[in-house]
Amino acid sequence: MADALRYLTERDVVSVLNIHRAIDALQDMLVAQARDQARNLPKTLATWGDGSSMHALGSVQTGAGGYAGFKTWVHTKAGGGSLFSLFDAATGALRAIIEARALGMLRTAAISGVATRALAPQDATRAALVGTGPQAVTQLAALAAVRDLRQVRVYSPTPEKRRAFVANVAGKYAFDIQESPSLEHALAGAEIVTLITRAVEPFVDAALLADCRHLNAVGAILPSKAEFAQDVFTLADRVVVDDLENARKGSRELRERYGADAAPWTDVAVLGQLLAQGEARPLQARLTIFKGMGMGLSDLAMARVVFEHAREHGLGIELAPQTRENLLLAQP
């Protein structure tokens, strides 16, 4: 009998995935990509009306037990929704439809976790988190998962939001979490800095990162937006991206630094390739920068873990397998 098609809800996803599992799964997928065993399909986008948009990302992991998938989502001022469709890469059979909000939040944080684990100093204990939106919760979890922190300072320009954020997360960790009254206060002494904002213009410059040794810039993923100024590159010994093509298309910071044309970005490394080669932070590095843009393989890494656990433990709603018969040909 054919495997059931599974519909997996947000509750199913969060019952299976935690940030540690997400980080490990994503690192494995990045290494597979570097070894030509997995690849992305470029993001597609359409917009309409007053800021409404629809998006699609694709990815495939080949070889035994491989999967292919698409994450699709729609955003409007009235709300939105997202789904991941998971296919068997060998047979083309649809295996699961997965609600993808938590999936997306975990993969966005997990890539920061993978980058921080590989690139930040091993003895870094002080961090700053700039931005307190929904993604910031899992970004904090990712930092805590890969470094033994003593203190994290949190800043956003709205006092009520940053106060509420700190109150919500403070009891979940053993280290000190402080609300910072200013950006300068948040960044002072921070060895690891994560930016997860919707900033339109750069607001972090080299002077503010005097103590920073590793920067995660993961909030500005459109060519109209930027979080850090160009002089930050003068401090960097290594600049790393999750996906070169997506960075070339969407990162204003990198496009202004390295060019928006087809010229090779010889000074930019890809995270998966570094991991596959066993490389990490350069010795005596002043600063490493990780620019995360988001990619389909990150979602696929999460979806694979969730689906295989759900199948093994009977989670989700079982639906009839997708028919492989051409019913039109059977009509009289």
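This is a walk through two sheets, the helices on them, two loop residues and one pocket.

The model is predicted: local features need pLDDT of at least 70, side-chain atom pairs count only at pLDDT 80 or more, and totals for chains, interfaces and linings use all residues. Residues are numbered from 1 along each chain as its sequence is written, and side-chain values use heavy atoms, with hydrogens and water left out.

Start with the 7-stranded sheet. It is open, has mixed pairing, and runs in the order 2-3-4-5-6-1-15. Strands here are DSSP runs of E with at least two residues, and helices are runs of H or I with at least four, numbered from the N terminus. Two strands pair if DSSP finds at least two bridges between them. Strand 2 and strand 15 (317–319) are the edge strands, each pairing on one side only. Neighbouring strands are turned by 15° against each other on average, direction ignored. Axes are lines fitted to C-alpha atoms, for helices over the stretch in contact, and angles run from 0 to 180 degrees between N-to-C directions.

Strand 4 (residues 67–76) and strand 5 (residues 79–88) run antiparallel and are joined by 10 bridges. Val 74 stands opposite Gly 81 in strand 5. Helix 10 (residues 296–313) packs on the sheet, touching strand 1 (5–8), strand 2, strand 3, strand 4, strand 5 and strand 6 (94–99). The direction of helix 10 makes about 70° with that of strand 3. Contact means heavy atoms within 4.5 Å. Helix 2 lies across strand 2 and strand 3 (52–61), at about 105° to strand 2.

The loop between helix 2 (19–34) and strand 2 (38–48) holds Asp 36. Phi of Asp 36 is near 60°, a positive value in a residue other than glycine. Most residues other than glycine have a negative phi. Asp 36 counts as exposed, at 67% relative accessibility. The cut-offs are under 20% relative accessible area for buried, over 50% for exposed, and partly exposed in between (1.4 Å probe, protein chains only). Gln 284 also has a positive phi, of about 60°. Its place is the loop between helix 9 (271–276) and strand 14. Gln 284 is exposed, with a relative accessible area of 78%.

Now the sheet of 8 strands. It is open, pairs in parallel, and has the order 9-8-7-10-11-14-12-13. Strand 9 (176–179) and strand 13 stand at the edges with a single partner strand each, so one side of each lacks a neighbour in the sheet. The twist averages 20° from one strand to the next.

Strand 7 is mostly covered, with 4 of its 5 residues buried. 5 bridges join strand 7 to strand 8, and Val 130 has Tyr 155 as its bridge partner in strand 8. Helix 5 (residues 159–169) lies across strand 7 (126–130), strand 8 (151–155) and strand 9, at about 165° to strand 9. Helix 3 (residues 101–119) lies across strand 10, strand 11, strand 12 and strand 14 (288–291), at about 165° to strand 11.

Last comes the second largest pocket, with a volume of about 160 Å³. A pocket is an open set of points on a 1 Å grid over the protein atoms alone, where a 1.4 Å probe fits, with protein on both sides within 12 Å along at least five of seven lines. Lining residues have an atom within 4 Å of a point. Grid points are joined across faces, edges and corners, and the volume is the space filled by probe spheres set on them. Strand 12 (238–241), helix 8 (252–258) and strand 13 (268–270) each give two or more residues to the lining. Among the lining residues are Phe 233, Asp 237, Arg 257 and Tyr 258.
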